[in-house]
Amino acid sequence: MTILVTGATGRVGRHLVDQLVQRGAKVRVLTRDASKANVPVGVEVAQGEMLDIDALRSAFKGVRTLFLLNAVTGDEFTQSIITLNVAREAGIERVVYLSVFGADRAVNVPHFAVKFGAERMLAQMGFSATILRPTYFIDNELMIKDVILGHGVYPMPIGGKGLAMVDARDIAEVAAIELIRRDRAAGALPIETINLVGPDTLTGIDVAKIWSDLLGRPIVYGGDDPSGFEQNMASFMPKWMAYEMRLMAERYVTIGMVPEAGDVERLTGILRRPLRSYRDFAAAITTAA
């Protein structure tokens, strides 16, 4: 049987497909444009999107296990609910779902609330699911590296509570392990939720210091004001999305993303190695610059 991967060309999905192939899984990806899929040899490509019912039904043929990742869009909730309904219609029970850290608490942030809605559907419809809840992606820093390197400012308003930022490669590897575990299980396994965190919980000042140390010159933290962040985001994305990013930043500043007791140990046990650190990721950027 086949594992269907959605979001296969994104930051997590492309690493996930590689991890699954390395583990000998039979993989199919769902993508809007098959010509741009760029997947390893042997991976099947199904063209379509999550609101294309015919394409979904076709993509699910011969599939036993689903990896569900929804991009942040205005219709994200509809996409996730439709996809899960069509999956159930096709007889699929085994799912690994990429949610977000604190999805059950951040009810005012649209893409957090949406993911908690999908989590509830997985539970109430009796899916055998692993729910992955990642914190802030370390990889987000690629979008702001020019500001850091060129202007000496770390611009993300992440606050003073701390974020345990996680590497997309670690997310993908845990997802692959869980997909294989569920796919090869003799029967349905109970729902589990796994917080995906990094090894260090860092504040805005902590992150600026890491960059300062690596670059050998001062990098300052831009501060905790989410309104300025919203204005910057609105210059290159829809205003509704920029506002949503502001709401997310407000959560960072007021609450943070702090691991629960045992989260780091659980992940290192699953991966059988240390988690990738923010400092190592930043060092790779500075070396390449």
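**Exercise 1. Find which residue in S2 stands opposite Val-5, and place the pair in its sheet.**

Step 1. Val-5 stands opposite Val-29 in S2, where strands (E, at least two residues) and helices (H or I, at least four) are DSSP runs numbered from the N terminus. The model is a predicted one, in which local features need pLDDT of at least 70 and side-chain atom pairs count only at pLDDT 80 or more, while totals for chains, interfaces and linings use all residues. Residues are numbered from 1 along each chain as its sequence is written, and side-chain values use heavy atoms, with hydrogens and water left out.

Step 2. S1 and S2 pair in the parallel sense over four bridges; two strands count as paired if DSSP finds at least two bridges between them.

Step 3. The open sheet has seven strands in the order S3-S2-S1-S4-S5-S6-S8, with parallel pairing. Strand S3 (44–47) and strand S8 (192–196) stand at the edges with a single partner strand each, so one side of each is left without a neighbour in the sheet. From one strand to the next, the twist averages 20°.

**Exercise 2. Describe how helix H1 (residues 13–22) is placed and which of its residues are buried.**

Step 1. H1 lies across S1, S2 and S4 and runs at about 165° to S1; the axes are lines fitted to C-alpha atoms, for helices over the stretch in contact, and angles run from 0 to 180 degrees between N-to-C directions.

Step 2. The buried residues of H1 are Gly-13, His-15, Leu-16, Val-17, Gln-19 and Leu-20, where buried means under 20% relative accessible area, exposed over 50%, and partly exposed in between (1.4 Å probe, protein chains only). An α-helix has 3.6 residues a turn, so residues three or four places apart point the same way.

Step 3. The cover over these buried residues includes strand S1 (2–6), strand S2 (27–31), S4 and H6.

Step 4. Leaving aside neighbours within four places in sequence, Leu-20 is in contact (heavy atoms within 4.5 Å) with residues including Ile-3, Val-5, Ala-176 and Leu-179.

**Exercise 3. State how many residues the largest nonpolar core has, and which have the most contacts inside it.**

Step 1. A nonpolar core is a set of buried Ala, Val, Leu, Ile, Met, Phe, Trp, Tyr and Cys residues joined through side-chain atoms within 4.5 Å.

Step 2. The largest such core has 70 residues, and those with the most contacts inside it are Val-5, Leu-20, Phe-67, Tyr-154 and Tyr-278. Its largest share, eight residues, comes from H6.

**Exercise 4. Work out which parts are tied together by the salt bridges of Asp-183 and Arg-64 and of Arg-273 and Asp-170.**

Step 1. A salt bridge is a side-chain nitrogen of Lys or Arg within 4 Å of a carboxyl oxygen of Asp or Glu, and a search of the whole structure finds 22 of them.

Step 2. The side chains of Asp-183 and Arg-64 meet at 3.2 Å, N to O. Asp-183 lies in helix H6 (residues 168–184) and Arg-64 in strand S4 (residues 63–68), so the pair ties together parts that are 119 residues apart in sequence. Asp-183 is buried at 7% relative accessible area, whereas Arg-64 is partly exposed at 30%.

Step 3. The side chains of Arg-273 and Asp-170 form a salt bridge at 2.7 Å, N to O. Arg-273 lies in the loop between helix H10 (263–271) and helix H11 (278–288) and Asp-170 in helix H6, so this pair ties together parts that are 103 residues apart in sequence.

Step 4. Arg-273 and Asp-170 are linked with Arg-23, Glu-173 and Arg-276 in a network of salt bridges.
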